[in-house]
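Student: I would like a close look at a single part of this predicted model. Please take one strand and follow it outward to whatever surrounds it.

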Amino acid sequence: MAPQDEHREEEADGLRKIIHVDMDAFYASVEQRDDPSLRGLPVAVGGSSGRGVVAAASYEARRFGVRSAMPSVRALRLCPELVFRKPRFEVYREVSRQIRAIFLDYTPHVEPLSLDEAYLDVTADLKGIGSATRIAQEIRRRIKADTQLTASAGVSYNKFLAKLASDQNKPDGLCVIRPGQGVQFVAGLPVRRFHGVGPRGAEKMARLGIETGADLATKDLAFLRANFGSFAEYLFRAARGVDLRQVRADRPRKSLGAERTFFENIEDPAALRETMDNIIDVVWERIERAETRGRTVTMKLRYADFQTLTRARSLTHFVTDKAEFSGIGHALLEDQLPLPQPIRLMGLTLSALEQEEEARPAADGQLSLL
């Protein structure tokens, strides 16, 4: 499926040249780099306690089915030899800054998604390299030389396709999707590869006879709206390889959160509290990665009958530590116990982030400098 000629560059007028760079098993790879005794072993970054969660897993661990956001107890059942390391976020941030500096040598249009991945718009070709593909190759070489870590990259004419491409030949891979190839590339992919389509969404699509991008492309917008609501427009465009979003440098986030959908509905208070702990671990790790703070904590519960309840608590100050975030999340949950019926989903979100507030215009038209 992946295009083979990596050196022939696209020449279509009016199309952007987008690179998506994604570090390979970033946290775990940093741990293996800094501790040679871990190389070749299944490694998980996160807490190994009964309520711990895997923040990242090495490729050796992934072969056993270990994945990020998985409860540590389950990860150890899948891979008894799994080696846990506590996260070292300051180290990961420093490596991320090194990588970001490399990106900025080639374009000011860098949109970070997290510490370990970003979009780059290299349409302007500041260094006169002449090829987005060669720029991606050079960036990957420099990352390896400067950090001793590997990165995978996708090159295409929009963000959706570039992100799909970066995942195509992982780890340490490069994939190029040129103009005219996007529709064919997407057609052959399973829909679970589409960003935003989770396991439940893929199961629903399978029940509707949608397994691949080609299957999805046969469904009209009315059908998609009837079955997927507001997600329909995205699916309709994705099946055709269309994405009009621009790469936006330092794009402010509006919220950070996580949800967990259960295979079996739960209502036992002990199980609910443990689930809340696991979600808090995942969300706080994302907050640490984004290097942000927020003022509003929102809990979401979806009952067995699909009714959704949300409860929020807004503070006059930023939530600055995990203990406070955890306390608010649990307080929101305790206020609802005992539940009127079992739930099938729980979520927790931090919003009113500091970057959003800093970017909000003040009353006099000046930028607010909080």
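Tutor: What follows starts at strand β6 and works outward through its partners, the cavity, the core and a neighbouring strand.

Start with burial. β6 has five residues, and five of the five are buried, so the strand is largely enclosed by the rest of the structure. Buried here means under 20% relative accessible area. Take the faces one at a time. E117, Y119 and D121 lie on one side of β6, and all are buried. A118 and L120 lie on the other side, and they are buried too. The split follows a general pattern: in a regular strand, side chains alternate between the two faces of the sheet.

Now the partners. β5 (110–114) pairs with β6 in the antiparallel sense, over four bridges. Within that pairing, V110 stands opposite L120. The two strands form a hairpin, with two residues between them. β1 (residues 18–23) also pairs with β6, again antiparallel, over five bridges. Here I18 stands opposite D121.

Next, the cavity. A search of the whole structure finds one cavity of 30 Å³ or more. The largest cavity has a volume of about 70 Å³. Its lining includes E117 and A118, two residues already met on opposite sides of β6. V21, M23, S96, I99, R100, F103, P112, S114, L115 and D116 also line the largest cavity. By element, β1, α4, β5 and β6 each supply at least two residues of that lining. The largest share is four residues, and it comes from α4. By class, the lining holds seven nonpolar, two polar and three charged residues.

Then the core. The largest nonpolar core has 33 residues, and L120 is among those that touch the most other members, along with I19, F26, Y27, F103 and I143. β6 (117–121) supplies at least two residues of this core, as do β1, α1, β3 (54–57), α4 (89–104), α5 (132–147), β7 and β8. α4 gives the largest share, six residues. So far F103 has come up twice: it lines the largest cavity, and it is one of the core residues that touch the most other members.

Step across β1 to reach β7. Six bridges join β1 to β7 (residues 151–156), and these strands run antiparallel. I18 is the link to follow. I18 stands opposite D121 in β6, and I18 also stands opposite S156 in β7. How enclosed is β7? Six of its six residues are buried, so β7 is largely enclosed by the rest of the structure. A151, A153 and V155 are buried on one side of β7, and S152, G154 and S156 are buried on the other.

β7 has a further partner. It pairs with β8 (residues 174–176) in the parallel sense, over three bridges. V155 has V176 in β8 as its bridge partner. Helix α6 (residues 159–166) joins the picture here: β7, α6 and β8 make a left-handed β-α-β unit.

One last stop is the second largest pocket. About 280 Å³ of space lies in it. Its lining has 15 residues, and D24, S29, Q32, E60 and T150 lie nearest its centre. α1 (26–34) and α2 (59–62) each supply at least two lining residues. α1 gives the most to this lining, with three residues. The lining divides into four nonpolar, six polar and five charged residues.

Technical notes. Residues are numbered from 1 along each chain as its sequence is written. This is a predicted model: local features need pLDDT of at least 70, side-chain atom pairs count only at pLDDT 80 or more; totals for chains, interfaces and linings use all residues. Side-chain values use heavy atoms; hydrogens and water are left out. On a 1 Å grid over the protein atoms alone, a cavity is a set of points where a 1.4 Å probe fits but cannot get out, and a pocket is an open set with protein on both sides within 12 Å along at least five of seven lines; lining residues have an atom within 4 Å of a point. Grid points are joined across faces, edges and corners, and a volume is the space filled by probe spheres set on the points. Ala, Val, Leu, Ile, Met, Phe, Trp, Tyr, Cys and Pro count as nonpolar, Asp, Glu, Lys and Arg as charged, and the others, Gly among them, as polar. Buried means under 20% relative accessible area, exposed over 50%, partly exposed in between (1.4 Å probe, protein chains only). Two strands pair if DSSP finds at least two bridges between them. A crossover is right-handed if, with the strands pointing away from the viewer, the path from the first strand over the helix to the second runs clockwise. A nonpolar core is a set of buried Ala, Val, Leu, Ile, Met, Phe, Trp, Tyr and Cys residues joined through side-chain atoms within 4.5 Å.
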